[in-house]
Amino acid sequence: MASQTQCSHLDRIRDVEPKTPQGCEECLATNGWWIHLRLCLECGHVGCCDQSPGKHATKHFHKTHHPIMRSFEPGEEWGWCYVDELELTPEELQR
Ligand SMILES: [Zn+2]
Ligand SMILES: [Zn+2]
Ligand SMILES: [Zn+2]
């Protein structure tokens, strides 16, 4: 897996609706705060990034093993596969 350059999880991407478009699901529930938001492309979970205190996007991956997220920030189109630890282009995310 170390020298892999292609994500093998692109077929897990769904046409998801953000469940909580107003912010991180867990932070909203606990009155927390976040810096950046990430969208799970398998179930539509919205979680906060690793610079945020809650790190809920990464925790969502550890809990669910949904491999692929994308940035939920306006104007940002990159994605990330947690399993392969690869950045994904907008073209790869296009399904
Ligand atoms: Zn992958
Ligand atoms: Zn959060
Ligand atoms: Zn998910």
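What follows is a conversation about how the zinc sites, spaces and core of a predicted model get their labels.

Colleague: What makes Cys-7, His-9, Cys-81 and Asp-84 the protein donors of the zinc ion (ligand 1)?

Modeller: A donor is an N, O or S atom within 2.8 Å of the metal. Here the atoms are SG of Cys-7, ND1 of His-9, SG of Cys-81 and OD of Asp-84, and they lie 2.0 to 2.3 Å from the zinc ion (ligand 1). They therefore count as donors.

Colleague: Why is the arrangement around the zinc ion (ligand 1) called tetrahedral?

Modeller: Four donors count as tetrahedral if all angles lie between 85 and 135 degrees. The 4 donor atoms at this ion subtend angles of 99 to 116 degrees, so the label applies.

Colleague: How are the donor residues of the zinc ion (ligand 1) spaced in sequence?

Modeller: The spacing is C-x1-H-x71-C-x2-D. Within it, His-9 and Cys-81 link distant parts of the chain, being 72 residues apart. His-9 sits in the segment before helix H1 (25-30), while Cys-81 belongs to strand S4 (residues 79-81).

Colleague: Are His-9 and Cys-81 buried or exposed?

Modeller: Buried means under 20% relative accessible area. His-9 has 13%, so His-9 is buried. Cys-81 has 0%, so Cys-81 is buried as well.

Colleague: What coordinates the zinc ion (ligand 2)?

Modeller: The SG atoms of Cys-24, Cys-27 and Cys-48, together with ND1 of His-56, at 2.0 to 2.3 Å. Set against the limit of 2.8 Å, these atoms therefore count as donors.

Colleague: What makes the arrangement around the zinc ion (ligand 2) tetrahedral?

Modeller: The 4 donor atoms subtend angles of 104 to 118 degrees. Those angles fall between 85 and 135 degrees, so the arrangement is tetrahedral. In sequence the donor residues follow C-x2-C-x20-C-x7-H. Cys-24 is in the segment before H1 and Cys-48 is in strand S2, so this pair ties together parts that are 24 residues apart in sequence.

Colleague: How do you know whether Cys-24 and Cys-48 are buried or exposed?

Modeller: From the relative accessible area, with under 20% taken as buried. Cys-24 has 0% and is therefore buried. Cys-48 also comes out at 0%, so Cys-48 is buried.

Colleague: And Gln-22, buried or exposed?

Modeller: Gln-22 lies in the segment before H1. Its relative accessible area is 55%, and exposed means over 50%, so Gln-22 is exposed. The C-alpha atoms of Gln-22 and Gly-44 are separated by 13 Å, with the two residues 22 apart along the chain.

Colleague: Why is the zinc ion (ligand 3) said to have a tetrahedral arrangement?

Modeller: Its protein donors are Cys-40 (SG), Cys-43 (SG), His-60 (NE2) and His-66 (ND1), lying 2.0 to 2.3 Å away. The 4 donor atoms subtend angles of 103 to 113 degrees; tetrahedral requires angles between 85 and 135 degrees, so the label holds. The sequence spacing is C-x2-C-x16-H-x5-H. Cys-43, in the loop between strand S1 (37-40) and strand S2 (46-48), and His-60, in helix H2 (residues 56-64), link distant parts of the chain, 17 residues apart.

Colleague: Why is Cys-43 called partly exposed?

Modeller: Its relative accessible area is 23%, which is neither under 20% nor over 50%, so Cys-43 is partly exposed. His-60, at 8%, falls under 20% and therefore counts as buried.

Colleague: What lines the largest cavity?

Modeller: The lining includes Cys-40, His-60 and His-66, along with residues such as Phe-61, Ile-68 and Tyr-82. S1, H2 and strand S3 (68-71) are the elements that give two or more residues to this lining. The volume is about 60 Å³, and the structure holds 1 cavity of 30 Å³ or more. By class, the lining has 7 nonpolar, 4 polar and 1 charged residues.

Colleague: Which residues lie nearest the centre of the largest pocket?

Modeller: Arg-14, Leu-41, Arg-70, Leu-93 and Gln-94, out of 15 lining residues. The space in this pocket is about 320 Å³. S3 and helix H3 (90-93) each supply at least two residues of the lining, which by class has 7 nonpolar, 2 polar and 6 charged residues.

Colleague: Which members of the largest nonpolar core touch the most other members?

Modeller: Of its 16 residues, these are Cys-7, Leu-10, Ile-13, Leu-41, Ile-68, Leu-88 and Leu-93. The elements giving two or more residues to this core are S1, S2 and strand S5 (86-88).

Notes:
Residues numbered from 1 in each chain as written. Chains lettered and ligands numbered in written order. Predicted model: local features only at pLDDT ≥ 70, side-chain atom pairs only at ≥ 80, totals over all residues. Heavy atoms only, no water. Donors = N, O, S within 2.8 Å, 3.2 Å for Na, K, Ca; no water. Tetrahedral: all angles 85-135°; square planar, octahedral: opposite > 155°, others 65-115°. Helix = DSSP H or I, 4+ residues; strand = E, 2+ residues; numbered from the N terminus. Buried < 20%, exposed > 50% of the residue type's maximum accessible area, 1.4 Å probe, protein only. 1 Å grid on protein atoms, 1.4 Å probe; cavity = no way out; pocket = protein on both sides within 12 Å on 5 of 7 lines; lining within 4 Å. Points joined across faces, edges and corners; volume = space filled by probe spheres on them. Nonpolar A, V, L, I, M, F, W, Y, C, P; charged D, E, K, R; others polar. Core = buried A, V, L, I, M, F, W, Y, C linked by side-chain atoms within 4.5 Å.
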